[in-house]
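Hi,

Here is the structure I said I would pass on. Have a look at it first, and my notes follow underneath.

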Amino acid sequence: MESLQELSVLEANKRLLKELEDMGFPRIQAAKALHCSGNTDIEAAINWIVDHENEPSIDPMPLIAVNIDIDSPQPIQTTEEMQIKAQELRNQARKEKEDEEKRLEREREKERIRAGKEIHEAKRIAEDNERKRYLASRKAEKEEEKRAREKVRQKLEADKNERRRMLGLPSVSHTATKLSSPSTHDKKNFVSVASVSKVEQLRECLRSLKRSHKDDDARVKRAFQTLLVYVGNVAQNPDKEKFRKIRIGNPLFQSRVGRLRGGVEFLELCGFERIEEDKFLFLPRDKVDLAVLNSAGLEIKSAMSNPFFGLLSNP
């Protein structure tokens, strides 16, 4: 717990603050993290940010001066009436406290219900995407079977005409069957399948990362948390360039994401591009796709909550 008087001036190591800003963290967030972690190292600061990312605000409270030099009044003789009044005040305070606890419990219950609905909706979306992917796969198989049958039919027809020619009979002319062009409905399905394919690619990057470091759960967890911070920052602040630019050579970025198989690929699938001779990963504003970023966030959260994620699939 922080002291009663909150400091209004944050002390932060200039070099460490610069590295955190290069990784895409807001300046006030980075400064508060360094100050609260003792300005020891980047690792401690990022762990502090991850631990406090769900709090309503991590900005410093304004300084409030408290005067403790006011003289205390002379003691007043206690009467029975005053004792009754004091008891009434205590009862009122106790009742207000109980009412507040009940209100907080109702709020917590609402939050549990809301979280349950979100989990149910995410599960429904995942199942719906899986169903669409299965239907698209079956449709592709049927189209392939149709083309194969057409080739066999044309081959049989050619053989039949060749035999008739050898017998001196006229060949039978049939109009060649052309493969129909995709209809508007098929094109819509293709767009849907392409979207499902992007989600599957994101999931495969996370699977690859998990499988490559399956004996180091802590490292995998740090990587997932860092990716979630990057994706969340852009989704919540798409117009701020500092959230859309990451220095690839940053040692901490390399340690947490860059050197892990599938880490950089995951960010590239989210829209990040290599620029300035591979010195930075940059997501142009006109290429920010909130649907993809939200899907990426859901995939990361799913990977973090499922202890068997990536371990039961084929390498």
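I started with helix α3, whose buried residues pack against α1 (14-22), α2 (27-36), α6 (217-236) and α7 (251-258). Keep in mind throughout that this is a predicted model.

Which residues of α3 (42-52) are buried? I42, A45, I46, W48, I49 and V50 are. In an α-helix there are 3.6 residues a turn, so residues three or four places apart point the same way. At the N-terminal end of α3, D41 acts as the cap, with a side-chain oxygen 3.2 Å from the backbone nitrogen of E43.

One of those partners, α1, has its own buried set: L16, L17, E19, L20 and D22. So you will find acidic residues in that list as well as leucines. The cover over the buried residues of α1 includes α2, α3 and β1 (245-247). α1 has an N-terminal cap too: a side-chain oxygen of N13 sits 2.9 Å from the backbone nitrogen of R15. Just past the other end of α1, G24 adopts a positive phi of about 105 degrees.

Next, α6 again, this time for its packing with α9 (residues 290-305). The angle between these two helices is about 155 degrees and their axes are 10 Å apart. Anything over 145 degrees counts as roughly antiparallel, and α6 and α9 are therefore roughly antiparallel to each other. The crossing is left-handed. From α6, the residues involved are F224, Q225, L227, L228, V231, V234 and A235; across from them in α9 are L290, L293, N294, A296, G297, I300, K301, A303 and M304.

N294 is worth a click while you are there. This α9 residue meets α6, yet counts as partly exposed because its relative accessibility is 46%. Its C-alpha atom is 8.2 Å from that of G232, although the two residues are 62 apart along the chain.

Zooming out to the chain as a whole, there are nine helices and three strands, running α-α-α-α-α-α-β-α-α-β-β-α from the N terminus. Of the 315 residues, 28% are buried. For contacts with a separation of 6 or more, 66% are between residues 24 or more positions apart. The exposed area of the chain comes to about 22400 Å², with carbon and sulfur atoms supplying 54% of it.

Cheers

Notes:
Residues numbered from 1 in each chain as written. Predicted model: local features only at pLDDT ≥ 70, side-chain atom pairs only at ≥ 80, totals over all residues. Heavy atoms only, no water. Helix = DSSP H or I, 4+ residues; strand = E, 2+ residues; numbered from the N terminus. Buried < 20%, exposed > 50% of the residue type's maximum accessible area, 1.4 Å probe, protein only. Contact = heavy atoms within 4.5 Å. Areas by Shrake-Rupley, 256 points an atom, 1.4 Å probe, with all protein chains shown as cover. Polar contact = N/O pair within 3.5 Å; in protein donor to acceptor, adjacent residues only side chain to side chain. Axes fitted to C-alpha atoms, helices over the stretch in contact; angles between N-to-C directions. Parallel < 35°, antiparallel > 145°, perpendicular 65-115°, else oblique. Left-handed = near helix turned anticlockwise from the far one by under 90°.
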